[in-house]
Amino acid sequence: SFTFLSILSLSLTVYSKTILISDIDDTIKRTNVNSLLSAGASVLNTYGRFTGLSEIYQEIKKNDPAIQIYYISGAPELVMEQKHSDFLAHGKFPTGSLVLRQDFLESTLQFKINEITQIVNREKPSNLILVGDNGELDSQVYSTVQSQFPRIKISTFIHVVASLREKPLSRNQTAYAYGAELAYHLGVAGYLSPTSANQLMIQIN
């Protein structure tokens, strides 16, 4: 009985599939989208990453080499595909799929909900990590996605770049202000080993 349960547990672990979906602007890239002046200047900047984020993503990938990563942005593909690709390369983020908005008439909210829903339906993950910010719509997008997939373990982390009083998070979403906090929460959630999380927190600080 013990042997059977051990094998079953091992099988579930082996076949457990995890996906990381990350926003770009104001999540991993310094953009300040709520300021037209700052956002406009940051469009051409392919180096302004938030401290520690690429290291955290690399460590998640190291902890689970099979993890699939998607970088999603409501920015128009025609304008930003090369800039965002350059940013991810310059920032040494792990390889992943870049998903940008093709239809100028589609709202960012609907675009992100549709794309993430399609990804989850196609990939059928056991675990889903969602990382975004509260500058615009990520909290609402991720909350909608979570309600659509109640059987999937979904861990949502929101970078606080705006007042939580003005832009509060949805239920079951974890706020963080700095990369070190994100590393800590990912460690608690089991996506980083305790050793990796501690090393990242020391390194980022």
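Modeller: A residue is called exposed when its relative accessible area is over 50%, and buried when that area is under 20%. The model under discussion is a predicted one.

Colleague: Is Glu136 buried or exposed?

Modeller: Glu136 belongs to the loop between β4 and α6. Its C-alpha atom lies 9.3 Å from that of Leu109, a residue 27 positions away in sequence. The relative accessibility of Glu136 is 52%, and the cut-off is over 50%, so this residue is exposed.

Colleague: Is Ser22 buried or exposed?

Modeller: Ser22 sits in strand β1, which covers residues 18–23. Beyond its neighbours within four places in sequence, Ser22 contacts several residues, including Tyr57, Tyr71, Val131 and Tyr142. Its relative accessibility is 0%, and the limit is under 20%, so Ser22 is buried.

Colleague: In what order do the six strands form the open sheet?

Modeller: The pairing throughout this sheet is parallel. β3 and β6 each have a single partner strand, so they stand at the edges with one side lacking a neighbour in the sheet. On average, neighbouring strands are turned by 20 degrees against each other, direction ignored. Read across the open sheet, the order is β3-β2-β1-β4-β5-β6.

Colleague: Why is strand β5 described as largely enclosed by the rest of the structure?

Modeller: Strand β5 spans residues 153–159 and pairs in parallel with β4 over seven bridges. Parallel pairing also joins β5 to β6, through four bridges. The strand is largely enclosed because, of its seven residues, the number buried is six.

Colleague: Which residue of β6 stands opposite His159?

Modeller: β6 comprises residues 173–176 and runs parallel to β5. Ile158 stands opposite Ala175 of β6. For His159, the residue opposite is Tyr176.

Colleague: Which residue in β5 is the bridge partner of Leu130?

Modeller: β4, residues 127–133, and β5 are parallel partners. These two strands and helix α6 make up a right-handed β-α-β unit. Within β5, the bridge partner of Leu130 is Thr156.

Colleague: At roughly what angle do the axes of α5 and α6 cross?

Modeller: Two packed helices are described by the distance between their axes and by the angle between them. Here α5 (residues 108–123) and α6 (residues 138–148) have axes that come within 10 Å. Their crossing is right-handed, and the angle is roughly 35 degrees.

Colleague: How many nonpolar residues does the contact of α5 with α6 have?

Modeller: Among the residues making this contact are Leu109, Ile113 and Ile116 of α5, together with Val141, Tyr142 and Val145 of α6. Four polar and two charged residues also take part, and the nonpolar residues number six.

Colleague: At about what angle does α4 run to β2?

Modeller: β2 (residues 68–76) and β3 (residues 97–101) pair in parallel over five bridges, and Tyr71 has Leu98 as its bridge partner in β3. α4, residues 77–90, completes a right-handed β-α-β unit with these strands. The helix lies across β2 and β3, and its angle to β2 is about 140 degrees.

Colleague: Across which strands does helix α7 lie?

Modeller: Helix α7 is formed by residues 179–189 and runs at about 170 degrees to β5. The strands it lies across are β4, β5 and β6.

Colleague: What separates the C-alpha atoms of Asn205 and Ala180?

Modeller: Asn205 follows α8, in the segment after that helix, and is exposed at a relative accessible area of 75%. Along the chain, Asn205 and Ala180 are 25 residues apart, whereas their C-alpha atoms are separated by 6.7 Å.

Technical notes. Residues are numbered from 1 along each chain as its sequence is written. This is a predicted model: local features need pLDDT of at least 70, side-chain atom pairs count only at pLDDT 80 or more; totals for chains, interfaces and linings use all residues. Side-chain values use heavy atoms; hydrogens and water are left out. Buried means under 20% relative accessible area, exposed over 50%, partly exposed in between (1.4 Å probe, protein chains only). Two strands pair if DSSP finds at least two bridges between them. A crossover is right-handed if, with the strands pointing away from the viewer, the path from the first strand over the helix to the second runs clockwise. Axes are lines fitted to C-alpha atoms, for helices over the stretch in contact, and angles run from 0 to 180 degrees between N-to-C directions. A crossing is left-handed if the near helix is turned anticlockwise from the far one by less than a right angle, and right-handed if clockwise. Contact means heavy atoms within 4.5 Å. Ala, Val, Leu, Ile, Met, Phe, Trp, Tyr, Cys and Pro count as nonpolar, Asp, Glu, Lys and Arg as charged, and the others, Gly among them, as polar.
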